[in-house]
Amino acid sequence: MNIPDFKIGTLDALVLLSDDLVKYDTVFEQSVNKLADMLNTLLRGQQANLQDQLLVNDKPIDQYISTFTWNAMKYRTDKSLQETTATLSQEVTAIDNVMKNKLNLYTQNKNALQTLQRKQTGNLSVRNLNGIVKKQHCVLNSEFLTTLIVAVPKTLFKQWNNRYETLTDMVVPRSSVKIAEDEEFGLFTVTVFKRTVDEFSHKAREERFIPRDFTYDEDALQTQQRELEEASATEREQQAELLRLTKTNFGETFASWLHLKALRVFVESVLRYGLPP
């Protein structure tokens, strides 16, 4: 390891710095490991070897270590050891903050995309109903009546048919129609007076029926598809940006870590063997 001669300062200052360097060494190692783990997660499912992506100054880690040279342009040797240590710490902290913010933003958008996807693929108690509920299934433009959409577990079909008319007053008799079914639920319509919607929904939940929050909209299916496409595009763009940043910042953080280790070697050598001749 090529380590230059540094400004040494006092022995007491070196002792204090030695303790700080041990702490920073641990912090830097944690930052490097977090970035490597993040890169591994982002590369999952891609035809890429993690070790081939962990580069420092465009070199594999082993090669960078074996050919390490102090970056005197970036970390001037006429600065005190304390100043150089502070600079390294500030750089790693700044990278940590940037990556934390980028990861949080990516996670939020990924979760939003997954929520939209679940609505497309979940069972009838949770999935988006646009495209399932048709115009002919709903009472529209009525001053007094409205159509409720209720997901009923398959084991409760008979109970629903026997009970829905009497859950509350002002339910239109024989208005319930099953319009869809999956492995777990059936989707039923029921026509009620608008003034009794809240009470009917409450009573339905008590019977383990699931009223769905749905309002028919002819344009909703196109809007839903557009939102899904936009969320997918945003997630892909942010993943690509996060992958690029993670690769770059892994190299930067690893280089800072190795420079810190060079400082540790120098300081510990002076404390153990005395000042260089």
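Here is a friendly exchange about a predicted model, its salt bridges, its sheet and one annotated span.

Student: Before we start, what pLDDT do local features need?

Tutor: Residues are numbered from 1 along each chain as its sequence is written, and side-chain values use heavy atoms, with hydrogens and water left out. In this predicted model, totals for chains, interfaces and linings use all residues, side-chain atom pairs count only at pLDDT 80 or more, and local features need pLDDT of at least 70.

Student: How many salt bridges does a search of the whole structure find?

Tutor: A salt bridge here is a side-chain nitrogen of Lys or Arg within 4 Å of a carboxyl oxygen of Asp or Glu. One of those found joins K178 and E181, with the closest N and O atoms 2.6 Å apart. D25, K261 and R264 are linked in a network of salt bridges. Searching the whole structure gives a count of nine.

Student: Which parts does the salt bridge between E91 and K74 tie together?

Tutor: The closest N and O atoms of E91 and K74 are 4.0 Å apart. Helices (H or I, at least four residues) and strands (E, at least two) are DSSP runs, numbered from the N terminus. The two residues are 17 apart in sequence, so their salt bridge ties together helix 4 (residues 81-121), which holds E91, and the loop between helix 3 (61-66) and helix 4, which holds K74.

Student: K74 also forms a salt bridge with E252, so how many residues apart is that pair?

Tutor: The closest N and O atoms of E252 and K74 are 3.3 Å apart. E252 sits in helix 7 (residues 220-273) and K74 in the loop between helix 3 and helix 4, so this pair links distant parts of the chain, and the separation is 178 residues.

Student: Is S18 buried or exposed?

Tutor: Buried means under 20% relative accessible area, exposed over 50%, and partly exposed in between (1.4 Å probe, protein chains only). E252, at 33%, is partly exposed, and K74, at 38%, is partly exposed too. S18, in helix 1 (residues 11-43), has 9% relative accessibility and therefore counts as buried.

Student: Which residue's side chain makes a polar contact with the side chain of S18?

Tutor: Contact means heavy atoms within 4.5 Å, and S18 touches V267, E268 and L271, leaving aside residues up to four places away in sequence. A polar contact is a pair of N or O atoms within 3.5 Å; within protein, one must be able to donate a hydrogen and the other to accept it, and residues adjacent in sequence count only if both atoms are side-chain atoms. At 2.5 Å, the side-chain partner of S18 is E268.

Student: Which strands stand at the edges of the open sheet?

Tutor: Two strands pair if DSSP finds at least two bridges between them. The four strands are ordered 4-5-3-6 with antiparallel pairing; strand 3 (residues 145-153) and strand 5 (residues 185-193), for instance, pair over nine bridges. An edge strand has a single partner, so one side is left without a neighbour in the sheet, and that describes strand 4 (177-181) and strand 6 (210-212).

Student: How far apart do the end C-alpha atoms of residues 221-248 lie?

Tutor: The unreviewed UniProt entry annotates this span as "coiled-coil region"; UniProt positions are given in the numbering used here, feature names are shortened, and annotations may be inferred rather than shown by experiment. In the model the span is 100% helix and 0% strand, and its end C-alpha atoms lie apart by 41 Å.
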